[in-house]
Amino acid sequence: MESRLTIDEVARRTGLTAHTLRYYERIGLIDPIGRAPGGQRRYAASDVAWIEFLLRLRTTRMPVGKMQAFATLRGVGDSTVPDRRRMLEEHLVEVLSDIEAMRQSAAALQAKIEHYRSVEQSLASDSFSNEGHADEHSGSLRARTRQTTGNRRPGR
């Protein structure tokens, strides 16, 4: 006989709350869960595997509505396999596009971080070499800042 898990056990295993698990069942993301004689939910291994897949979809930012459509197709049976495959292929294109956009943004952030490190090092070396000459230091900082920002002044 297959071991069945309580809602609390599934919540701990998946990181979802019991409330979220009941919500997912209510909106059709999860098929109705089997019940123990006392009425408590008992999740089969296949239920947990499906929930883990839903979590993957959620991680990829698939909207709940699309997840529901996928779950509905799944409930119909094998005749919907081509539709489910197409849905996942379309979603994968979106995910890969988002990943590329994130890579580009990460590269821009890294470049900006390196720029600020360079400015910090320059400020530290200027501070060390110009100790006691605050006016000269602030003037050179303003000039260097204008060079790196395209001669823009703050507030303009």
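Where is R61 found? R61 sits in the loop between α3 and α4. The model is predicted.

## The chain as a whole

The secondary structure comes to six helices and zero strands. Along the sequence, the pattern reads α-α-α-α-α-α. The chain has 156 residues, and buried residues make up 24% of them.

About 11,100 Å² of the chain is exposed. Carbon and sulfur atoms supply 53% of that area. Take the contacts in the chain with a separation of 6 or more: residues 24 or more positions apart account for 43% of them.

## Helix α1 against helix α2

Helix α1 covers residues 7-14, and helix α2 covers residues 18-26. Their axes lie 9 Å apart. The packing angle is about 100°. Angles of 65 to 115 degrees count as roughly perpendicular, so α1 is roughly perpendicular to α2.

On the α1 side, the contact uses I7, D8, V10 and A11. On the α2 side, A18, L21 and R22 meet them. By class, the residues of this contact divide into five nonpolar, no polar and two charged.

## Helix α1 against helix α3

Helix α3 spans residues 45-59. Helices α1 and α3 pack at an angle of about 40°, and their axes are 11 Å apart. Roughly parallel would need an angle under 35 degrees, and roughly perpendicular needs 65 to 115. The pair α1 and α3 is therefore oblique. The crossing of these two helices is right-handed.

From α1, the contact draws on V10, R13 and T14. From α3, it draws on V48, I51, E52 and L55. The class count for α1 with α3 is four nonpolar, one polar and two charged residues. V10 takes part in the α1 contact with α2 and in the α1 contact with α3.

## The loop between α3 and α4

R61 belongs to this loop. Its relative accessibility is 64%. The cut-off for exposed is over 50%, so R61 counts as exposed.

What is the phi of R61 near? Phi is near 65°. That is a positive value in a residue other than glycine.

## Two residues of helix α4

Helix α4 runs over residues 64-76, and M67 is found in it. Is M67 buried or exposed? M67 counts as buried because its relative accessibility is 1%. Which residues does M67 contact, neighbours within four places in sequence left aside? They are L29, L54, L57, R58 and M62. For one of these partners, L57, the C-alpha separation from M67 is 7.4 Å. M67 and L57 are 10 residues apart along the chain.

V64 also has its place in helix α4. Its relative accessibility is 37%, so V64 counts as partly exposed. With neighbours within four places in sequence left aside, V64 is in contact with I27 and L29. L29 thus appears in the contacts of M67 and in those of V64. The C-alpha atoms of V64 and Y24 are separated by 9.7 Å. Along the chain, V64 and Y24 are 40 residues apart.

Definitions and conventions. Residues numbered from 1 in each chain as written. Predicted model: local features only at pLDDT ≥ 70, side-chain atom pairs only at ≥ 80, totals over all residues. Heavy atoms only, no water. Axes fitted to C-alpha atoms, helices over the stretch in contact; angles between N-to-C directions. Helix = DSSP H or I, 4+ residues; strand = E, 2+ residues; numbered from the N terminus. Parallel < 35°, antiparallel > 145°, perpendicular 65-115°, else oblique. Contact = heavy atoms within 4.5 Å. Nonpolar A, V, L, I, M, F, W, Y, C, P; charged D, E, K, R; others polar. Left-handed = near helix turned anticlockwise from the far one by under 90°. Buried < 20%, exposed > 50% of the residue type's maximum accessible area, 1.4 Å probe, protein only. Areas by Shrake-Rupley, 256 points an atom, 1.4 Å probe, with all protein chains shown as cover.
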